[in-house]
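Q: Hi, I'm new to this one and would like a friendly walk through it. Could we pick a few spots and talk them over?

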Amino acid sequence: MFWLLILAGIIAGAGSLQAQRYLGEISGTVADQTGAILPGAQVVAVEGSTKFKTEVTTLADGVYSMPTLSPGTYTVTVTAKGFKTG
């Protein structure tokens, strides 16, 4: 009976187990050369090996965040109306 209770406890607890995930985040503030913030700028991050693309738009304060990104090497580009790519 004792072993049956232990086994029941293990089975009941197994449903609440979750795999560990290692995630990262890219975040920041977009500003021009003078330091003026750029709300509404498009920020795109592309992971190098998978080519997975994440896109966000900066908030009114120029801040953006890309949470829960898989580990990797990303290329980040920013586009905003009235600015050209250099």
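Q: Let's start with G62. Is G62 buried or exposed?
A: G62 is buried, as its relative accessible area is 0%. Keep in mind that this is a predicted model.

Q: Where does G62 sit along the chain?
A: G62 is in the loop between β3, which covers 53–57, and β4, which covers 63–69.

Q: And which residues is G62 in contact with, if we skip those within four places in sequence?
A: With those set aside, G62 is in contact with G28, T29 and V30, and also with I37, L38 and P39.

Q: Take T29 from that list. How many residues apart in sequence are G62 and T29, and what is their distance in space?
A: They are 33 residues apart in sequence, while their C-alpha atoms are 5.1 Å apart in space.

Q: What about T58, where is that?
A: T58 also has its place in the loop between β3 and β4.

Q: Buried or exposed, that T58?
A: T58 counts as buried because its relative accessible area is 5%, and the cut-off for buried is under 20%.

Q: What does the side chain of T58 reach?
A: The T58 side chain reaches the backbone nitrogen of G40 at 2.9 Å. It also reaches the backbone nitrogen of A41, at 2.8 Å.

Q: Which other contacts does T58 have?
A: Apart from neighbours within four places in sequence, the contacts of T58 include V30, L38, P39 and V43, along with V63 and Y64. V30, L38 and P39 are also on the list for G62.

Q: Let's move into the strands. Where is T54, and which residues does T54 touch?
A: T54 lies in strand β3. Not counting residues up to four places away in sequence, T54 touches V43, V44 and A45, plus M66 and L69.

Q: Why does T54 count as buried?
A: Its relative accessible area is 16%, and buried means under 20%, so T54 qualifies.

Q: Now S65. Which strand is S65 in?
A: S65 has its place in strand β4.

Q: How open is S65, then?
A: S65 is partly exposed, with a relative accessible area of 32%.

Q: What do we find between S65 and E25?
A: Their side chains are joined by a polar contact of 2.6 Å. E25 is also one of the residues in contact with S65 once neighbours within four places are left aside, and the others are I26, S27 and V56.

Q: How far is S65 from V43?
A: The two are 22 residues apart in sequence and 9.2 Å apart in space, going from C-alpha to C-alpha.

Q: Let's zoom out. How many helices and strands does the protein have, and in what order do the elements run?
A: There are one helix and five strands. From the N terminus on, the order is α-β-β-β-β-β.

Q: What share of the residues counts as buried?
A: Of the 86 residues, 20% count as buried.

Q: And the surface, how much is exposed?
A: The protein exposes about 6700 Å², and carbon and sulfur atoms supply 62% of that area.

Q: Last topic: what is the volume of the largest pocket, and which residues line that pocket?
A: The volume is about 180 Å³. Among the lining residues are A31, D32, Q33, L38, V78 and F83. The lining divides into five nonpolar, three polar and two charged residues.

Key. Residues numbered from 1 in each chain as written. Predicted model: local features only at pLDDT ≥ 70, side-chain atom pairs only at ≥ 80, totals over all residues. Heavy atoms only, no water. Helix = DSSP H or I, 4+ residues; strand = E, 2+ residues; numbered from the N terminus. Buried < 20%, exposed > 50% of the residue type's maximum accessible area, 1.4 Å probe, protein only. Contact = heavy atoms within 4.5 Å. Areas by Shrake-Rupley, 256 points an atom, 1.4 Å probe, with all protein chains shown as cover. 1 Å grid on protein atoms, 1.4 Å probe; cavity = no way out; pocket = protein on both sides within 12 Å on 5 of 7 lines; lining within 4 Å. Points joined across faces, edges and corners; volume = space filled by probe spheres on them. Nonpolar A, V, L, I, M, F, W, Y, C, P; charged D, E, K, R; others polar. Polar contact = N/O pair within 3.5 Å; in protein donor to acceptor, adjacent residues only side chain to side chain.
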